[in-house]
Structures are given as structure tokens and as C-alpha cells.
Amino acid sequence: MWKKILASLFIGASLFAISSTVHSAALTNTTNTTNATKTDQTTKTEQTTKTEQTGKTEQTTKTDQTGKTEPKVDISKYQVINPEKNAYSTEDKVAFINGKAPSGTSIVIQVYGTTRKNFDLLTLPTEDDYIEILSETVKSGNLGFFDKQLELVAGINKIVIDFGVEEVPTVEIIVYLKTPDSGNSTKEVKITDIIQKSK
């Protein structure tokens, strides 16, 4: 009977020793995991703080960490519909600009002209020859369209349309406003002039 009691005590002590060893190993693993988690969180917090301080780097870092890329801008949604040509001549002193852009987009339209009259569509001014005449901002409406009526100056007009989106290129349109040539204008002859000449 004593042998059975001693054997039971020996088995119980062995099981207790094994379970405490397993428990302490599990506790060590849990502590290591907790420390690793804390280290990961600290590292991520530091990375976030660093990227927030650097502005543009923030977007790149977020993209790299998540593995997802932000959708690119669809350039086809930004268009100038009228005028259809990038360079043309006209006798109309008013130009109509219209196009499309996502609703609420702010579009900057600038008009440049030149005071010198010796330019045409074959001989364009340099950038230094242009003078800014107009700069206005229009917004595309609910249907995604915008329009603007512009008054042109005699000679070369450069119209610059900027959609305000980095990936979308600005559109430049050259309009040559022709004016009647003063040499071809006919002088009105009055009857009193004829009578005076005949005397």
C-alpha cells in the first residue's frame, strides 16, 4: 500500500514538474510575442511619424506597406472639346472654350496676347513676347462639363487651359485674330466732295 502511495506521489510530482516547465516555456513565448508586437507597433509608429513629416513620401510608403496602388488618373475624363484645333485663325473677336472634367474640378483658363503685330500662325511669338490678358478659374458642372467665353485681341492669342491635375497635361491653343487690312478699306465719298472738286 505504501508503494502505491509513493508511486502516485512520484507520478504526480513528475506531472507537476513537466506542466510547470511547459507553462513557463509557453509564458516565455507569450512574453516574446508581446515584446515583438510592441516592437512592431513602435516601428510602425515611427515609420508613420517619419512619413507624415515628409509629405509626398507618406503616400509612397503607405502604398508600399499595404501592397496596394492607388488608381491612376483617367486622362480621358479631362478634355477640351471646342475649339477642336490647337491652332487656327478667325475674324471673330470672341472665342468659346468648352470641355469636360469630373464634376467640381477647378479649371484655370489663361489668355496671353502680344502687342507686336508682325506675328502670324507661321511666325509665333516667343514666351517673352506674350503678355497675360486674362486669368480665370471655372468649375465643371454636375454633368462634368465647363465652358467659357473669351474676348481676343488683334493678332496672336495663346489660350492655356490647366485642369489642376498633375498627371493631366495643360492644353495650349493658338488663335490668330485677323483684322481688316487698313490698305483695303474704301473711303466713303460724299456728294459735297464731288461738287467741291468740280468747281
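## Two open sheets and two nonpolar cores

Strands E2 and E8 pair in the parallel sense, over 4 bridges. That pairing is a good way into this predicted model, whose secondary structure comes to 3 helices and 8 strands. Let's walk through the overall make-up, then the sheets, the cores and one residue of strand E4.

**Overall make-up**

- Reading from the N terminus, the elements follow the pattern α-α-β-β-β-β-β-β-β-β-α.
- The protein has 199 residues, and 23% of them are buried.
- About 15300 Å² of the protein is exposed, with carbon and sulfur atoms supplying 55% of that area.
- Of the contacts between residues at least 6 apart in sequence, 65% join residues at least 24 apart.

**The sheet of 5 strands**

- Here the strands are ordered E2-E8-E7-E4-E5 in an open sheet with mixed pairing.
- Strand E2 (87–90) and strand E5 (131–139) are the edge strands, and each pairs on one side only.
- From one strand to the next, the twist averages 20°.
- Two residue pairs help you find the E2 and E8 pairing by eye: Tyr-88 stands opposite Val-175 in E8, and Thr-90 has Leu-177 in E8 as its bridge partner.
- On to E7 and E8: these strands run antiparallel and are joined by 7 bridges.
- Within E8, Ile-174 is the bridge partner of Lys-158.

**The sheet of 3 strands**

- The order in this open sheet is E1-E3-E6, and its pairing is antiparallel.
- Strand E1 (79–82) and E6 each have a single partner strand, so one side of each is left without a neighbour in the sheet.
- Neighbouring strands are turned by 30° against each other on average, direction ignored.
- Between E1 and E3 there are 3 bridges, in the antiparallel sense.
- Val-80 stands opposite Gly-99 in E3, which gives you a handy place to start looking.

**The nonpolar cores**

- The largest nonpolar core holds 21 residues.
- Its residues with the most contacts inside the core are Ile-107, Ile-109, Ile-159, Ile-161, Phe-163 and Ile-173.
- Two or more residues each come from strand E3 (94–100), strand E4 (106–113), strand E6 (145–151), strand E7 (155–162) and strand E8 (171–177).
- A second, separate core has 6 residues, including Tyr-112, Phe-119, Tyr-130 and Val-160.
- Ile-159 is one of the residues with the most contacts inside the largest core. Setting aside neighbours within four places in sequence, the contacts of Ile-159 are Ile-97, Ile-109, Gln-110, Val-111, Leu-150, Leu-152, Val-171, Glu-172, Ile-173 and Val-175.

**A closer look at Gln-110**

- Gln-110 belongs to strand E4, and Ile-159 is among the residues that Gln-110 touches.
- Leaving out residues up to four places away in sequence, Gln-110 also touches Glu-132, Leu-134, Ser-135, Lys-158 and Val-160.
- The side chains of Gln-110 and Tyr-112 are joined by a polar contact of 3.5 Å.
- Two of these residues turn up elsewhere in this briefing: Tyr-112 is included in the second core, and Lys-158 has its bridge partner in E8.

Terms used. Residues are numbered from 1 along each chain as its sequence is written. This is a predicted model: local features need pLDDT of at least 70, side-chain atom pairs count only at pLDDT 80 or more; totals for chains, interfaces and linings use all residues. Side-chain values use heavy atoms; hydrogens and water are left out. A nonpolar core is a set of buried Ala, Val, Leu, Ile, Met, Phe, Trp, Tyr and Cys residues joined through side-chain atoms within 4.5 Å. Buried means under 20% relative accessible area, exposed over 50%, partly exposed in between (1.4 Å probe, protein chains only). Contact means heavy atoms within 4.5 Å. Two strands pair if DSSP finds at least two bridges between them. Axes are lines fitted to C-alpha atoms, for helices over the stretch in contact, and angles run from 0 to 180 degrees between N-to-C directions. A polar contact is a pair of N or O atoms within 3.5 Å; within protein, one must be able to donate a hydrogen and the other to accept it, and residues adjacent in sequence count only if both atoms are side-chain atoms. Accessible areas come from the Shrake-Rupley method with a 1.4 Å probe; for residues, only the protein chains shown count as cover.
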